[in-house]
Amino acid sequence: MEGNGAPPPPSAAIIEHKAYARIGLLGNPSDVYYGRTISLNISNFWASVRLEPSSDLVIVPHPTHDLVKFTSLSHLTNRLENEGYYGGVRLLMATCKVFTKYCKEQGIDLHNNNFSISYETNIPRQTGLSGSSAIVCAAFSCLLDFYNVRDKIGVEIRPQLILNAEKELGIVAGLQDRVAQVYGGLVYMEFDKEKMDKYGHGNYTALDTSLLPPLYLIYAENPSDSGKVHSTVRQRWLDGDEFIISSMEEVANLALEGKTALLEKDYSKLATLMNQNFDLRRRMFGDAALGGLNIEMVEVGRRVGAATKFTGSGGAVVAFCPDGASQVELLEEACRKSGFFIQPVKVVPSLLNEIDVRTLSSKK
Ligand SMILES: Nc1ncnc2c1ncn2[C@@H]1O[C@H](COP(=O)(O)OP(=O)(O)O)[C@@H](O)[C@H]1O
Ligand SMILES: O=C(O)[C@H]1O[C@H](OP(=O)(O)O)[C@H](O)[C@@H](O)[C@@H]1O
Ligand SMILES: [Mg+2]
């Protein structure tokens with residue numbers, strides 16, 4: 001395959017792509033279990049990846065996220081205890097591998113030129129805002145353009161390839177992050193098993209972002225490994241645990257009901273569904289796995305009457321204040337007192353360009 005097909009890009013231009021954080025609004029984490037979710041892509045935080053043609057193929061470690069030089073043993077130990085062993089280098093490597101493997105399987109020719117790839121991110125690390133897949137997604141976009149194959153790898157299949165990069169690393173994760181990051185905007189997703197097996201992707205419907213009421217993002221610097229959080233529940237689900245299976249179905253139904261609520265702008269229903277979503281997660285995962293600080297973020301909001309739930313697996317919370325401005329003020333004050341960051345959610349519009357849209361199966 002390599003070296004015999006597509007020509008190298010016309011100019012040795014630098015390619016740069018951003019991928020934004022996402023909020024799981026309803027239905028998560030049922031995306032990991034053939035369920036349904038509604039997620040939105042937000043411009044509050046993003047990762048960017050830069051690809052530059054070079055003679056060798058170089059994966060550039062990030063100066064702080066891939067730290068290998070420390071001031072002391074205790075610096076090293078603290079760092080590992082708080083943020084774990086890994087940074088983004090492994091994500092970039094896995095992205096390159098999965099991309100190459102897929103192209104080979106599909107008979108997509110890749111030219112032989114090399115590149116140097118580096119990343120930057122301001123997404124609070126491991127806070128359930130999909131910092132991991134943002135790095136993969138932005139890197140994947142750079143590869144699509146460097147090899148000039150955007151038209152050959154359909155939009156619907158890209159989230160699965162981005163997920164495969166993390167699976168490659170043993171990270172338990174689902175598709176909702178990657179779908180929101182590939183599509184942008186607000187997306188309703190169905191991960192029906194039969195269809196997933198048949199087509200290799202779920203059913204993704206873009207919703208008008210103006211259907212959303214004002215939302216708030218609450219987060220704390222409290223990294224937690226989403227793979228670890230998920231692994232016990234995943235195992236129980238695989239073992240056929242009735243409680244997990246039926247609760248996951250309930251969670252998936254919240255997204256279905258939420259779609260109608262959004263279309264009807266029935267925001268009191270939306271608030272109820274968001275709260276139910278977190279309550280179900282809490283029952284399935286248990287407080288120890290979710291973490292005291294994460295639970296407190298949810299409860300701070302609930303105490304002022306806001307609807308609250310995790311954006312992802314933990315570390316950040318999405319809040320909705322059904323009573324409007326005065327309640328938002330109370331929420332901001334409560335967050336400040338508890339030492340949590342809070343900011344209004346800024347929704348990213350659709351990210352698909354003309355070539356991307358042409359690859360959608362509905363457009364073929
Ligand atoms: N901000 C970051 N910088 C570098 N690598 C990151 C960052 N966030 C996540 N990663 C990498 O992705 C892996 C999985 O992260 P994950 O727990 O899914 O976090 P998130 O909730 O942000 O997606 C981490 O173990 C690490 O290798
Ligand atoms: O538990 C969840 O809601 C999500 O957890 C992961 O996202 P992360 O941002 O890493 O916490 C996972 O990748 C998603 O598919 C889950 O819905
Ligand atoms: Mg992640």
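A polar contact here is a pair of N or O atoms within 3.5 Å. With that cut-off in hand, the ligand site of this predicted model is a good place to start. A polar side-chain atom of aspartate 177 sits 2.5 Å from an oxygen atom of ligand 2, so the pair falls inside the cut-off for a polar contact. Aspartate 31 does likewise, with a polar side-chain atom 2.5 Å from a ligand 2 oxygen, and for arginine 281 the corresponding distance to an oxygen atom of ligand 2 is 2.6 Å. Once the protein is in place, 97% of the 400 Å² of accessible area that ligand 2 has on its own is covered.

Who makes up the rest of the surroundings? The shell around ligand 2 counts 18 residues, and the closest are Asn28, Asp31, Asp177, Arg281 and Ser313. Sorted by class, this shell holds nine polar, five charged and four nonpolar residues. As for secondary structure, helices α5 (176-183) and α7 (226-238) each put at least two residues into the shell. The biggest share comes from α5, which gives three.

Moving on to the sheet, four strands line up in the order β8-β9-β7-β10, giving an open sheet with antiparallel pairing. The edges belong to β8 (307-310) and β10 (341-344); each has a single partner strand, so one side of each goes without a neighbour in the sheet. On average, neighbouring strands are turned by 25° against each other, ignoring direction. At the β8 edge, the antiparallel pairing with β9 (residues 316-320) runs over four bridges, and phenylalanine 310 stands opposite valine 317 of β9.

Two helices pack on this sheet. Helix α11 (residues 292-303) touches β7 (216-219), β8 and β9, and its direction makes about 165° with that of β8. Helix α12 (residues 325-338) touches β7, β9 and β10, with its direction at about 10° to that of β7.

At the other edge, strand β10 is home to glutamine 343. Leaving aside residues up to four places away in sequence, glutamine 343 touches Asn44, Phe45, Tyr216, Leu217 and Tyr219. With asparagine 44 there is also a polar contact between the side chains, at 2.8 Å. Glutamate 332 lies eleven residues from glutamine 343 along the chain, and the C-alpha atoms of the two are separated by 8.5 Å.

Note on methods: Residues numbered from 1 in each chain as written. Chains lettered and ligands numbered in written order. Predicted model: local features only at pLDDT ≥ 70, side-chain atom pairs only at ≥ 80, totals over all residues. Heavy atoms only, no water. Pairing = 2+ DSSP bridges. Axes fitted to C-alpha atoms, helices over the stretch in contact; angles between N-to-C directions. Contact = heavy atoms within 4.5 Å. Near = heavy atom within 4 Å. Polar contact = N/O pair within 3.5 Å; in protein donor to acceptor, adjacent residues only side chain to side chain. Areas by Shrake-Rupley, 256 points an atom, 1.4 Å probe, with all protein chains shown as cover. Nonpolar A, V, L, I, M, F, W, Y, C, P; charged D, E, K, R; others polar.
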